[in-house]
Amino acid sequence: MKIINVCGARPNFMKIAPLMHAYRRVDAIHPILVHTGQHYDDRMNRWFFDELDIPNPDINLEVGSGSHAVQTAEIMKRFEPVCLDHQPDAVLVVGDVNSTIACALVAVKLNIPAIHVEAGLRSFDRTMPEEINRLMTDAICSLLFVTEQSGLDNLRREGVPDDRVHFVGNVMIDTLNRMRAAAERSQILKTLNVAPRAYTVLTLHRPSNVDDPATFSRILDALAEIQKSRAVVFPVHPRTRANIERGAFGARIASMTGLKMVEPLGYLDFVHLLTHAACVLTDSGGIQEETTILGVPCLTLRENTERPVTITGGTNRLVGTDPSVILDGFRNALASGATPKTPPLWDGRAAERIVDVLRRWAR
Ligand code: UD1
């Protein structure tokens, strides 16, 4: 069975890596790796391939950045000839980025079955581009691999037949478990001159938080307080850096001497930084999951999450963007700490289970 596997943006790489490794143990599947080029900077791309030992993509579509319509359309235009040329038996997509929906849509229009890894997650917030990508992708895929119970519940409620859905666990956690020992050897705390548990990690890149100056400014109000009591390490996503410059927040941020802005980090340094943090403030989806396994308190700067198990069975708490709620959450997180939690099937073997299902499906 020939399967085209698609990746494009940073959070896809941790998800595709364990699948590419699991295929190596199976003769019946011939994987082809397509990179859409949605993310292209070394720090957002190449570093992850090297550290996670992902094979070089067989094909890179090199689409780069653009508006949603431009980027999605460009991926579709460039992916269609790849499908026509390779005639795969299936196209597998991961996550919820523009590359995910674009390639799934191309495949199904060519009557090639599409497969979605990390299906069923719903924030119920249709202003999030990822929510639209998730809904659309799940609606057209033939096989849906789910990370948590809420995914099963959502797909059932949407009328997806049970025989298309498989609860397999979380491929992102496969990668985390595999890389933790190597991450422990990172020297990033020394480089940044911070001590274990004496700092907070901040990541911000959601358009709803960083594209809207009023919301971004509220988050900065909370940070201005937090950084007085504890260093805040802030690896800055390119979208966020552009907004800091555009919104003229530079001077305000520079005045916060406890806030350390750094370039986006590689996977090993970032996992090390998360592991030893007192608390993590984020609007990322994957980090809510990683902090749950690592046992680090996570405050999510959003009003909703598509990953509710990280709250009910993890270390995550939604704090939104109101400075007083963020500060309350921060004080509570420092006072109570957190212990590692393992949601059902987040055991490092999700990719193995997916490949088992694919083998049976191929017969
Ligand atoms: C995308 C995903 C988001 C994911 C995030 C992780 C969609 C709709 N969004 O958001 O779900 O959480 O990736 O990072 O797919 N840029 C660079 N270098 C790069 C890539 C991007 O400088 O390698 C800059 C460009 O100016 C670009 C901006 O970042 O316009 C945003 O990139 P884009 O891929 O459009 O969206 P993200 O915000 O990264």
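This short report looks at how the protein surrounds its ligand in a predicted model.

## Where the ligand sits

Start with the big picture: the ligand takes up the largest pocket. Two parts of the protein help to build the shell around the ligand, with domain 1 (2-170 + 346-362) and domain 2 (181-336) each giving at least three residues.

If you'd like to find some helices in the picture, look for α3 (68-86) and α11 (238-246). Each of these supplies at least two residues of the shell.

## Who is around it

Count the residues around the ligand and you get 17, and the ones that come nearest are Q38, H39, E130, H205 and R239.

What mix of classes does the shell have? Eight of its residues are polar, five are nonpolar and four are charged.

## Polar contacts up close

Now zoom in on the oxygen atoms of the ligand. R239, one of the residues that come nearest, has a side-chain N or O atom 2.6 Å from a ligand oxygen.

The backbone joins in too. For N98, a backbone N or O atom lies 2.8 Å from an oxygen atom of the ligand, and for Y40, a polar backbone atom is 2.9 Å from a ligand oxygen. On its own, the ligand has 740 Å² of accessible area, and the protein covers 85% of that.

Conventions
Residues are numbered from 1 along each chain as its sequence is written. This is a predicted model: local features need pLDDT of at least 70, side-chain atom pairs count only at pLDDT 80 or more; totals for chains, interfaces and linings use all residues. Side-chain values use heavy atoms; hydrogens and water are left out. A residue is near a molecule or strand if one of its heavy atoms lies within 4 Å of it. A polar contact is a pair of N or O atoms within 3.5 Å; within protein, one must be able to donate a hydrogen and the other to accept it, and residues adjacent in sequence count only if both atoms are side-chain atoms. Accessible areas come from the Shrake-Rupley method with a 1.4 Å probe; for residues, only the protein chains shown count as cover. On a 1 Å grid over the protein atoms alone, a cavity is a set of points where a 1.4 Å probe fits but cannot get out, and a pocket is an open set with protein on both sides within 12 Å along at least five of seven lines; lining residues have an atom within 4 Å of a point. A molecule sits in a cavity or pocket if more than half of its atoms lie within 2 Å of its grid points. Helices (H or I, at least four residues) and strands (E, at least two) are DSSP runs, numbered from the N terminus. Ala, Val, Leu, Ile, Met, Phe, Trp, Tyr, Cys and Pro count as nonpolar, Asp, Glu, Lys and Arg as charged, and the others, Gly among them, as polar. Domain bounds come from an automatic or database domain assignment.
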